[in-house]
Amino acid sequence: MPKTLYMKDLSPPARAVNMTIHLLGLEVEIKELNPVLRDQDQPKFRKMNPMRTIPIYDEGDFSLADSHAIMIYLLETYGKPEHSYLYPMDKRKRATIHQRLFFDCGILFPRLRAIMAPTYAGRLTELTKYMKINIDDAYAMLEEYLSQNLFLADDHLTIADLSAYTTTQSLNIVHPADGTRFPKVKKWLKTMSELDIVKKVNEPGGENHGNSLLLIMEVNKQNKKSKL
Ligand SMILES: N[C@@H](CCC(=O)N[C@@H](CS)C(=O)NCC(=O)O)C(=O)O
């Protein structure tokens, strides 16, 4: 059954899935859906994903939304022994990975989305104090996790890192982590940025996403000024 990933390169969760696909060596056709243009609202995609978000993964007779669910499915279904480092069989290790994926889904990404939505809607001109406090609070949680292991859920790379990295990379562009307060976050960001998979598959979308948010905020600022 042919496999398709509906995504856009700028999307952090979509890039996390794409990196997983590459690490597993899967043949998956990538088709672009632009969430800013609301491509995902078309009836076909609404049926596949009533949440109306990307990424969406499709195998013809089965489709799945939410990057975290997709990554787990891909590892469980297509993971070979050589991929077990990404998602070890040990139940407690998996439970920790699941928790970190939920952390991305429930804490990290919503704090980024809180910036993305008003920026794309033309309303946000700069981060509010409240947004910055929330991001620093998320960095503090990451710092704690990274004090327990070298990577987010273990002493090596797992799918939890792929997921949280794409989100944190953008957060770190719009509101850089303070290296004095969050040294482990800074080190992890650097380590992740130097991985081959990140360089080859995550980029240039990763850098472009955060930078485009800053650029759009600047445009929003100019537009606001010109209306005064
Ligand atoms: N928890 C979801 C979040 C997906 C998500 O919000 N994707 C954004 C693009 S980065 C989107 O499709 N936004 C459209 C919207 O929220 O309406 C996942 O991990 O897949």
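Let's start with one rung of a ladder: T4 has E29 as its bridge partner in β2. Keep in mind that this is a predicted model. That bridge belongs to a bigger pairing, since strand β1 (residues 4–7) runs parallel to β2 and joins it over four bridges. Strands of a sheet pair through backbone hydrogen bonds, either parallel or antiparallel.

Now zoom out to the sheet. Its four strands come in the order β2-β1-β3-β4, the sheet is open, and the pairing is mixed. At the edges sit β2 (29–32) and β4 (63–65), each pairing on one side only. On average, neighbouring strands here are turned by 20 degrees against each other, direction ignored.

Helices lie across these strands. Helix α1 (residues 12–24) crosses β1 and β2, running at about 155 degrees to β1. Helix α3 (residues 67–78) lies across β3 (56–58) and β4, at about 135 degrees to β4.

Next, the rings. The structure holds seven aromatic pairs, and here are two of them:

| Ring pair | Centre distance | Plane angle | Type |
|---|---|---|---|
| Y73 and Y78 | 6.4 Å | 90 degrees | edge-to-face |
| Y165 and W188 | 6.1 Å | 80 degrees | edge-to-face |

What does the pair of Y165 and W188 tie together? Y165 lies in helix α6 (residues 159–174) and W188 in helix α7 (residues 183–193), so the pair links parts that are 23 residues apart in sequence. Y165 is buried, with a relative accessible area of 3%, and W188 is buried too, at 2%.

Y78 is partly exposed, at 22%. Ring pairs also link Y78 with Y57, F62 and Y73 into a cluster.

Technical notes:
Residues numbered from 1 in each chain as written. Predicted model: local features only at pLDDT ≥ 70, side-chain atom pairs only at ≥ 80, totals over all residues. Heavy atoms only, no water. Pairing = 2+ DSSP bridges. Helix = DSSP H or I, 4+ residues; strand = E, 2+ residues; numbered from the N terminus. Axes fitted to C-alpha atoms, helices over the stretch in contact; angles between N-to-C directions. Contact = heavy atoms within 4.5 Å. Phe/Tyr/Trp six-rings, centres within 6.5 Å; stacked < 30°, edge-to-face > 60°. Buried < 20%, exposed > 50% of the residue type's maximum accessible area, 1.4 Å probe, protein only.
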